[in-house]
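Here's a quick briefing to keep beside you while you look at the fold. Have the sequence and the 3D view open together.

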Amino acid sequence: MKENKLKKSGIITEALPNTHFRVKLDDGNEVLCHLAGKLRIYRIKVLPGDKVTVEMSPYDDKRGRIVYRGR
């Protein structure tokens, strides 16, 4: 059974190589995130300053996965 994922929103502060990004969450934490597969497949452009939704594991609060890009 899949574990429960935490969804948080934030803003991208820095673009790193290999579709990794540094994201500042609304609660003030900064996490390292990678793009989810669907965003990669459909070639959704994600740039610094974009508002995104991050899916995080309850075990590691320093890494996440970008699952949605807002307007």
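The protein chain averages a pLDDT (the predictor's confidence in each residue, from 0 to 100) of 93, and 97% of the residues score at least 70. This is a predicted model, where local features need pLDDT of at least 70, side-chain atom pairs count only at pLDDT 80 or more, and totals for chains, interfaces and linings use all residues. Residues are numbered from 1 along each chain as its sequence is written, and side-chain values use heavy atoms, with hydrogens and water left out.

**Confidence by element**
- Helices (H or I, at least four residues) and strands (E, at least two) are DSSP runs, numbered from the N terminus.
- Among the elements, strand E2 (residues 20–25) has the highest mean pLDDT, 97, and helix H1 (residues 37–41) the lowest, 92.

**The barrel**
- Going round in the order E1-E2-E3-E5-E4, 5 strands close into a barrel with mixed pairing; two strands pair if DSSP finds at least two bridges between them.

**Who pairs with whom**
- E1 (residues 6–16) runs antiparallel to E2 over 6 bridges, and glutamate 14 has arginine 22 in E2 as its bridge partner.
- E2 and E3 are also antiparallel, over 5 bridges, with lysine 24 partnered by glutamate 30 in E3.
- E3 and E5 (residues 63–69) pair in the parallel sense over 4 bridges, and leucine 32 stands opposite arginine 63 in E5.

**Two faces of E3**
- Along E3 (residues 30–35), Val31, Cys33 and Leu35 point to one face and are buried (under 20% relative accessible area, 1.4 Å probe, protein chains only; exposed is over 50%, partly exposed in between).
- Glu30, Leu32 and His34 point to the other face and are not buried.
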